[in-house]
Amino acid sequence: KRDAWSDLKVVMAELDRLYWKTAKAFPWQSGDMIMLDTMLIAHARKPYTGPRKIVLAMGEVVNGAELPS
């Protein structure tokens with residue numbers, strides 16, 4: 001017998017498989033930085049050890065054509 005919970009587990013397993021299939025990874029070097037549009041992409045990180053510095057800036061969506069020149 002199928003139920004909503006079983007269906008949800010199947011869907012989540014497939015989403016997880018697709019997420020990792022399409023994931024992009026790259027080696028970081030000292031001084032590297034990344035900028036992400038979190039409205040367009042999913043982002044995560046794999047576990048690691050060592051020091052890190054997190055810097056965050058947030059803003060609202062801006063239409064470039066409306067910016068002063």
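These exercises work through the fold, surface and aromatic pairs of one chain.

The model is predicted, so local features need pLDDT of at least 70 and side-chain atom pairs pLDDT 80 or more, while totals for chains use all residues. Residues are numbered from 1 along the chain, and side-chain values use heavy atoms, without hydrogens and water.

**Exercise 1.** Set the chain's radius of gyration against that of a compact globule.

Solution. Take the rule: 2.2 Å times the number of residues to the power 0.38, with the radius taken over C-alpha atoms. For 69 residues a compact globule would come near 11 Å. The chain has 19 Å. Next, the extents: the C-alpha trace spans about 60 × 40 × 20 Å along its principal axes. Last, the elements: one helix and zero strands (DSSP runs; helices H or I of at least four residues, strands E of at least two).

**Exercise 2.** Find what share of the residues is buried.

Solution. Buried means under 20% relative accessible area, exposed over 50%, partly exposed in between (1.4 Å probe, protein chains only). Of the 69 residues, 0% count as buried.

**Exercise 3.** Classify the two aromatic pairs.

Solution. Rings of Phe, Tyr and Trp (its six-membered ring) pair if their centres lie within 6.5 Å; planes under 30 degrees apart are stacked, over 60 edge-to-face, the rest tilted. Tyr19 and Trp20 lie 5.2 Å centre to centre with 85 degrees between planes, which is edge-to-face. Tyr19 is partly exposed at 30%, and Trp20 is partly exposed at 42%. Phe26 and Trp28 lie 5.3 Å centre to centre at 45 degrees, which is tilted. Phe26 is partly exposed at 44%.
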